[in-house]
Amino acid sequence: MAENEPLLGSNNGGEVVLAERESEATQTKTTRIVSLDVFRGLCVFLMILVDYAGSVFPSIAHSPWNGVRLADFVMPFFLFVVGVSVAIVNKIVLDRTGATMKVVIRTLKLFILGIFLQGGYLHGITGLTYGVDIERIRWMGILQRIAVGYIVAALCEVWLPCQEMKRFALFRNYICQWFIMFLLSAIHCGLLYGLYVPDWQFSVSQSTGSTIYEVKCSVRGDLGPACNSAGMIDRYILGIDHLYTKPVYRNMKECNGSNRDTVSESMPSWCHATFDPEGIVSSLTAAATSIIGLQYGHILVQFQDHKGRLYNWSILSLSLLAVGLFLDFVGMPLNKSLYTISYMLVTSAAGGITFCLLYLLVDIYGWRRLMFVLEWMGKHSLSIFILITSNIAVIFIQGFYWRDPQNNIIRWIVTRFVQK
C-alpha cells in the first residue's frame, strides 16, 4: 500500500497532513491521530469476534433481517473510517487528474482482491482445493463494498472540495458533498420503494437434479427478504448465480434458522434463493456512509482544539442518530442487508460517537498504551483481514497434514473443541 493510503492497512491514515507530498521541500508538520488507528483496529477486532464467536453467541451475529446487532455495525464503521481518512489524506490536492488516477487504481486493486478472497476461488477451511466456476463467481463482497465507498468519498474530496472556508458553517462549506450524499440516498429510496417486483423463478442444483422454485411477489415497495427491489436488481444485473449463497435471512424463523448449504423443502421458496447483502442498491447508501465520514474528517482537519472537534462531532452524531431513529419509528426499518437510510444514519452516528470516545481516551487522556493492540491491528488491518478474517492463514496451516488430509491441526481443533 502506498504512503497515506486511506484504505484497510493504512499506516499513515491517522495523520493530519498539513502539506501535500508535492511540497515536501517546504517545511511540513504532522500531528498523528492515534485514535483513528485504534478505531480501525477496533473494526478488525469486531469483525474477527463476530465471525468466529457469532455461531456460539447468536446475539452478536448479524440480525436475520430487520434490526441491528453488534455484527451489523462492523461494515458501516469501516466505511466511516475510510471517509475520515480520505479527508485527512486529501486536505490539499494540487493535481486532480493525477489524484483521480491514483484513486481509481487503488479502487481496482481492492475490488480485485475482494473478488479473489470472497468470490468463491478459495473453498474455506473444510477443503484443500481451490478454483471457481466463472459462471458462479461472486462479484460483490466486503472489500468490494469498501472500494465503492472509498472511490465515491475520494472523488468527492478531489473534485468537490471546500470553496470558501467558514469556520462555523461546515455544512455550507461542503454543500456539494452533502448534495451527493442526499442524492445517493434519494436514488436508493426511490429504487427500494418505487420499483415494481414481479413474480420470479429460480433453480437450485441438487444431487438429484435441478429444482425450480417460484416466488410470488407482484408488489411495490416491499422490504421483506423475498420481494424487495434490491434483490431483483442484483438478479437482473449481476445474475442470481453470482450472489451470496448463504444469505443471513435463512436464520429467520420462516426458514427455520437453517443457514446451511441445504434448506428443508418445507420452507418458503425464497429461503432457497441467493441474496447479496453487498449488492448494487445497498452500495448507494454504503457510499453515503463514507461521505458522512468525510465530514468528520473535515472537522478533524479544520478544528485544531479538542473542544471544537468533540463539540462538532457530537452535534453531528446526535443529529444523525435522531433522524435515523425517527425514520425507523415512522416505518423505515433498520436493515443491514438493504442498507436502509435509517440504518445508514444510526450506524454512522454510532461510528461518530465511538470515534469521539476513542479520541477522548487516546488522544486527550493518553490511554495509548492500553490500546496498543488495537492500534497495531489498525495499522495492519488489510493484512489481518486477508490472513485471518478470510481464513488464508487457517487454510495455509491446514495444508500441512500427517499421511491423510483429514489429519491436520485445524480439523483436530474443530473436532475436539468447536463441535463439542
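In this predicted model, helix α4 passes helix α8 in a right-handed crossing. Helix α4 covers residues 142-159 and helix α8 covers residues 280-302, and their axes come within 8 Å of each other while crossing at roughly 50 degrees. That angle makes α4 oblique to α8, since angles that are neither under 35 degrees, nor over 145, nor from 65 to 115 count as oblique.

A second pair of helices can be read in the same terms. Two packed helices are described by the angle between their axes and the distance between the axes. For helix α9, at residues 306-329, and helix α10, at residues 341-364, the axes come within 7 Å and cross at roughly 155 degrees. Because angles over 145 degrees count as roughly antiparallel, α9 and α10 are therefore roughly antiparallel to each other. The crossing of α9 and α10 is left-handed, and the contact between these two helices, sorted by class, has 17 nonpolar, seven polar and three charged residues.

The UniProt record, an unreviewed entry, can be set beside these helices. It places the feature "transmembrane region" at several stretches, among them residues 73-89, 142-162, 310-330 and 342-362. In the model, residues 73-89 are 94% helix and 0% strand, and the C-alpha atoms at the two ends of that span lie 24 Å apart. Residues 310-330 are 95% helix and 0% strand, with end C-alpha atoms that lie 30 Å apart.

From the helices, the reader may turn to the empty space inside the model. Rolling a probe the size of a water molecule over the atoms shows where empty space is left. The structure holds two cavities of 30 Å³ or more, and the largest cavity has a volume of about 50 Å³. Which residues line the largest cavity? The lining includes Trp 200, Pro 225, Ala 226, Asn 228, Gly 231 and Arg 235, and it is continued by Tyr 249, Trp 270, Ala 273, Thr 274 and Phe 275. Sorted by class, this lining of the largest cavity has seven nonpolar, three polar and one charged residues.

Technical notes: Residues numbered from 1 in each chain as written. Predicted model: local features only at pLDDT ≥ 70, side-chain atom pairs only at ≥ 80, totals over all residues. Heavy atoms only, no water. 1 Å grid on protein atoms, 1.4 Å probe; cavity = no way out; pocket = protein on both sides within 12 Å on 5 of 7 lines; lining within 4 Å. Points joined across faces, edges and corners; volume = space filled by probe spheres on them. Nonpolar A, V, L, I, M, F, W, Y, C, P; charged D, E, K, R; others polar. Axes fitted to C-alpha atoms, helices over the stretch in contact; angles between N-to-C directions. Helix = DSSP H or I, 4+ residues; strand = E, 2+ residues; numbered from the N terminus. Left-handed = near helix turned anticlockwise from the far one by under 90°. UniProt positions renumbered as here; feature names shortened; annotations may be inferred.
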